[in-house]
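The following exercises are to be worked with the sequence and the coordinates at hand. Each task is followed by a solution in steps.

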Amino acid sequence: MENEHDEQSEPLDVVYDVIAPENIAFKYCVAGPFVRSVAYLIDCIGMVLYLFAVAFALTFLEEYAPAFVTYFIDGDVLLFTFIINLVLVFWFWTILFEAFWRGRTPGKFFLGLRTISISGRPITFTQSFVRNTLRYADLMIGPLAIVFMAANDRMARLGDLAAGSVVVQEPRRKRKLRADILKNDKAAHFIAEQIPEDFTVSQSVCDALALYMARRLQFHPALRNRLAEPLATPLRITLGFSDKIEPDLCLRAIYLHTVGTDRRVT
């Protein structure tokens with residue numbers, strides 16, 4: 001009965017479990033329709049401000065640099081330039097921001113939201129294109145879109161279901177990697193030097209590494225390998241390391257490689 005009470009007390013309608021490819025389970029707080037609407041409103045304001053700046057720049061050219069416009073740029077070209085910017089902003093503002101800013105737009109950034117893949121990875125350009133193109137399908141069905149979102153466990157609209165994405169609230173506190181935690185670990189440094197420079201880890205793996213390294217000294221050495229094995233095994237296979245390398249040592253080496261530069265966290 002006690003277990004049943006614990007399960008019922010968990011807010012299942014706002015918490016979504018993600019199993020990362022590295023077999024790590026994460027719980028994300030799903031963003032509801034209201035906060036997502038506010039984020040999109042902020043993005044719309046950003047779009048308007050950008051278009052206003054473009055219009056001001058083009059008007060300035062036509063008004064105060066008529067000689068330049070006459071001899072080098074035709075007036076129709078200025079109008080065409082504004083129309084092109086209008087189309088690009090209307091279609092690609094959200095797509096480009098999400099694809100190249102790890103699932104965030106200015107609106108999502110200000111409200112602490114992020115779009116991720118259901119696997120826990122940052123969404124790709126294709127996923128962002130699909131989910132944002134289908135946004136207009138949600139607008140066409142109107143209020144029914146909110147009913148549709150409430151009917152699934154990740155508050156997903158049509159675009160999210162088609163793209164395999166979910167909008168989550170980012171944790172207030174992010175785990176930071178300490179560069180000095182393994183300063184004198186010669187074995188880990190030796191293995192870390194064998195890791196390719198372009199090897200990167202996802203943010204989920206980075207968080208798992210930080211959590212493990214912060215607590216590993218609390219456990220017996222034999223227990224450390226057992227705890228490290230679920231995460232270390234797929235990473236070791238990806239790197240092509242020998243299975244003779246202990247899981248704990250493998251994670252220590254990857255940790256050292258990761259703290260070398262922020263670019264290694266994707």
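**Exercise 1. Establish which residues D160 touches beyond its sequence neighbours, and whether D160 is buried or exposed.**

Step 1. Leaving aside neighbours within four places in sequence, D160 is in contact with R36, R131, R154, S165, V166 and V167, where contact means heavy atoms within 4.5 Å.

Step 2. D160 belongs to helix α9, residues 158–163. Helices are DSSP runs of H or I with at least four residues, strands are runs of E with at least two, and both are numbered from the N terminus.

Step 3. The relative accessibility of D160 is 0%, so D160 counts as buried. Buried means under 20% relative accessible area, exposed over 50%, and partly exposed in between, with a 1.4 Å probe and protein chains only.

A note on the source applies throughout: this is a predicted model, in which local features need pLDDT of at least 70 and side-chain atom pairs count only at pLDDT 80 or more, whereas totals for chains, interfaces and linings use all residues. Residues are numbered from 1 along each chain as its sequence is written, and side-chain values use heavy atoms, with hydrogens and water left out.

**Exercise 2. Carry out the corresponding analysis for K108, and then describe the backbone and exposure of R102.**

Step 1. K108 lies in helix α5, residues 106–111. With 9% relative accessibility, K108 counts as buried.

Step 2. Apart from neighbours within four places in sequence, the contacts of K108 are A39, E98, G103, L113, R114, T115, R131 and V167. R131 and V167 are also among the contacts of D160.

Step 3. R102 is located in the loop between α4 (75–100) and α5. Although R102 is not a glycine, its phi is positive, at about 50 degrees. A relative accessibility of 22% means that R102 counts as partly exposed.

**Exercise 3. Determine how many residues of α13 are buried, and against which helices they pack.**

Step 1. Helix α13 covers residues 247–259. Its 13 residues reach 18 Å from the first C-alpha to the last, close to the 18 Å expected at 1.5 Å a residue; the expected span is 1.5 Å times one less than the number of residues.

Step 2. Of the 13 residues of α13, 12 are buried, so the helix is largely enclosed by the rest of the structure. Among them are charged D248 and R252, as well as C250, H257 and T258.

Step 3. The buried residues of α13 pack against α10 (186–192), α11 and α12 (221–239).

**Exercise 4. Characterise the packing of α13 with α11 and with α12: what are the angles, and which residues make the contacts?**

Step 1. Helix α11 (residues 203–215) and α13 pack at an angle of about 120 degrees, with their axes 10 Å apart. Axes are lines fitted to C-alpha atoms, for helices over the stretch in contact, and angles run from 0 to 180 degrees between N-to-C directions.

Step 2. The two helices α11 and α13 are therefore oblique to each other. Angles under 35 degrees count as roughly parallel, over 145 as roughly antiparallel, 65 to 115 as roughly perpendicular, and the rest as oblique.

Step 3. The contact is formed by L209, A210, Y212 and M213 of α11 with D248, L251, R252, I254, Y255 and T258 of α13. By class, this contact has seven nonpolar, one polar and two charged residues.

Step 4. Y255 lies in α13 and, at 2% relative accessibility, counts as buried. Y255 and L209 are 46 residues apart in sequence, yet 6.4 Å apart in space, C-alpha to C-alpha.

Step 5. The axes of α12 and α13 come within 7 Å and cross at roughly 60 degrees, which makes α12 oblique to α13.

Step 6. On the α12 side, R224, N225, A228, E229, L231, A232, L235, R236 and L239 meet P247, D248, C250, L251 and I254 of α13. This contact has nine nonpolar, one polar and four charged residues.

**Exercise 5. Place these details within the chain: how many helices and strands are there, and what percentage of its residues is buried?**

Step 1. The protein chain contains 13 helices and four strands.

Step 2. Buried residues make up 38% of its 266 residues.

Step 3. Of the contacts with a separation of 6 or more, 68% are between residues 24 or more positions apart.
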